[in-house]
Amino acid sequence: MSAYFLEALKGGRPYRAKNGQLSIKASSLPVLQSPCLQRFPVEQRGFATSPLSEVNYHPRHVEMLTDPDIIDTLKARSALIRTLRTFFETRSFVEVNTPILTALAGGATAKPFETTATEFADRKLSLRIAPELWLKRLVVGGMDRIFEIGPSFRNEGLDKTHNPEFTTCEFYAVRHDLPQLMDYTKQLLTDMALAVGAVFHQQKPAVAKLLRAVQEPYQEFDFIPTLSSALELDLPNLSSPDAQGRLLDIFEAKNLPLPSNPTVPRLVDKLSSIYVEPRSAERPAWIVNIPECLSPLAKSYIHPTASHDQPVAARAELFIQGKEVVNCYEEENDPFEQRRKFQEQQRYAHQTAPLGRGDRPARETVDEEAMKVDQDYLEALEWGLPPTGGWGCGIDRLVMLFIGKERIGDVLSFGSLRAVTRGAEKRDSDL
């Protein structure tokens, strides 16, 4: 019986029994406070976050009673979020909450969950995929430094680093540019590393190395020149009509697997994941001057040195060990430019992939995750969004990074969606 369920044993001074064992003579019997009617599973530290636990499944509260690593992980997560809040509050940011149920889910490239409300049976509602567009409305309304920590939802598959429900932090600050946002990031990650490190008495060597790495200078890679150098050719102008066909030629020449929806943004993102992002394996790396087609909510300009007059965004992504950790933007505040960028996303989403080479037929590509034209947000911009810097990170992935976990379910209180919906399978079988 666990000591948690018993009132403390009362007794006198310790003594040694006849067999030599140290003992205490009880002056009163313990009182049972709460019965445990189940047999405890016998497991070792770390079992609950191992692949074997997927087969020998126990509810999270049982795993916690047998594996203290879970409690340490939740304490580390709490320390990380507390560090975020302290960082922003000491810089006069105001914490806010924005809607989770919305009419149109925007702010990211993703497929939303859709539902209805009893009160509005004729309205299709979506769970938010990002809080960004709501937060920028608050900036339009006059709040110049705000942040939000909360859940977002994306109707996508499950893997080691993706869960349909996840936690993000975003902040927006008027008159902040990319260098300021990147400097904030370095300070924040250093503070987080120290806070999370304090939770554990002994770190794994790989984690200790990472905690040192985030406090050292970061690398910086210019997206298009770096990618062109790796491919040993110049990328086409990504906004040109023939960009998709020329990118497909690159994939064919390099014998690379195509993404499921081979639109221009998807193709460029795939090339980055192969040739640019892995450069952060040893040291954290900023990727800057990201193509406009990948950043429709950021301000943009023509790259100063790349060939073919490439339109790029005022955006920087931080990668650590090949994984995206932080996004920084100088926000697009021109409603006419923002409309054009929304429309471009829809044009990309409905491209006909020119695969008619050799025996392969051409086929239309439809990307359901592409951003829609959000008329309400465009009208909000017409009231005037001041020059604003925006920043976002995934809390779950940061916790994974700082404590050396490989699966996102390991850093969630009750595991991934697969774990929390196991009961649905049982209910269906009982019907």
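**Figure 1. Antiparallel pairing of strands E5 and E6.** Strand E5, which covers residues 114–117, and strand E6, which covers residues 120–127, pair in the antiparallel sense over 3 bridges in this predicted model. The connection between E5 and E6 is a hairpin that runs through 2 residues. Ala117 stands opposite Phe120 of E6, while the bridge partner that Glu114 finds in E6 is Ser126.

**Figure 2. The open sheet that contains E5 and E6.** In this view 3 strands form an open sheet whose order is E4-E6-E5, and the pairing is antiparallel. Strand E4 (101–102) and E5 stand at the edges with a single partner strand each, so one side of E4 and one side of E5 are left without a neighbour in the sheet. In a regular strand, side chains alternate between the two faces of the sheet.

**Figure 3. Packing of helix H4 against helix H11.** The axes of helix H4 (residues 178–197) and helix H11 (residues 395–403) come within 10 Å and cross at roughly 60°. That angle makes H4 oblique to H11, and H4 passes H11 in a right-handed crossing. On the side of H4 the contact is made by Leu189, Met192, Ala193 and Val196, and on the side of H11 by Leu398, Phe402 and Ile403. When the residues of this contact between H4 and H11 are divided by class, 7 are nonpolar, with no polar and no charged residues.

**Figure 4. Packing of helix H2 against helix H4.** Helix H2, made up of residues 68–89, packs with H4 at an angle of about 140°, and their axes are 9 Å apart. The crossing of H2 and H4 is right-handed. From H2, the residues Ala76, Ala79, Leu80, Thr83, Leu84, Phe87 and Phe88 meet Tyr184, Gln187, Leu188, Asp191, Met192, Ala195 and Val196 of H4. By class, the contact of H2 with H4 comprises 11 nonpolar, 2 polar and 1 charged residues. Met192 and Val196 of H4 appear in this contact with H2 and also in the contact that H4 makes with H11.

**Figure 5. The surroundings of Ser152 in strand E7.** Ser152 has its place in strand E7, which spans residues 145–153. With a relative accessible area of 0%, Ser152 is buried, because burial is assigned under 20% relative accessible area. If residues up to four places away in sequence are not counted, Ser152 touches Arg128, Ile129, Ala130 and Pro131, together with Pro164, Glu165, Phe166 and Thr168.

**Figure 6. Pro205 in helix H5 and its separation from Gly404.** Pro205 lies in helix H5, which runs over residues 205–213. The relative accessibility of Pro205 is 70%, and this residue therefore counts as exposed, a class that begins over 50%. Although Pro205 and Gly404 are 199 residues apart in sequence, the distance between them in space is 9.8 Å from C-alpha to C-alpha.

**Figure 7. The protein chain as the setting for the close-up views.** The protein chain holds 13 helices and 17 strands. Of its 431 residues, 45% count as buried, and Ser152 is a residue with that assignment. Among the contacts in the protein chain with a separation of 6 or more, 67% are accounted for by residues 24 or more positions apart.

Technical notes. Residues are numbered from 1 along each chain as its sequence is written. This is a predicted model: local features need pLDDT of at least 70, side-chain atom pairs count only at pLDDT 80 or more; totals for chains, interfaces and linings use all residues. Side-chain values use heavy atoms; hydrogens and water are left out. Two strands pair if DSSP finds at least two bridges between them. Helices (H or I, at least four residues) and strands (E, at least two) are DSSP runs, numbered from the N terminus. Axes are lines fitted to C-alpha atoms, for helices over the stretch in contact, and angles run from 0 to 180 degrees between N-to-C directions. Angles under 35 degrees count as roughly parallel, over 145 as roughly antiparallel, 65 to 115 as roughly perpendicular and the rest as oblique. A crossing is left-handed if the near helix is turned anticlockwise from the far one by less than a right angle, and right-handed if clockwise. Contact means heavy atoms within 4.5 Å. Ala, Val, Leu, Ile, Met, Phe, Trp, Tyr, Cys and Pro count as nonpolar, Asp, Glu, Lys and Arg as charged, and the others, Gly among them, as polar. Buried means under 20% relative accessible area, exposed over 50%, partly exposed in between (1.4 Å probe, protein chains only).
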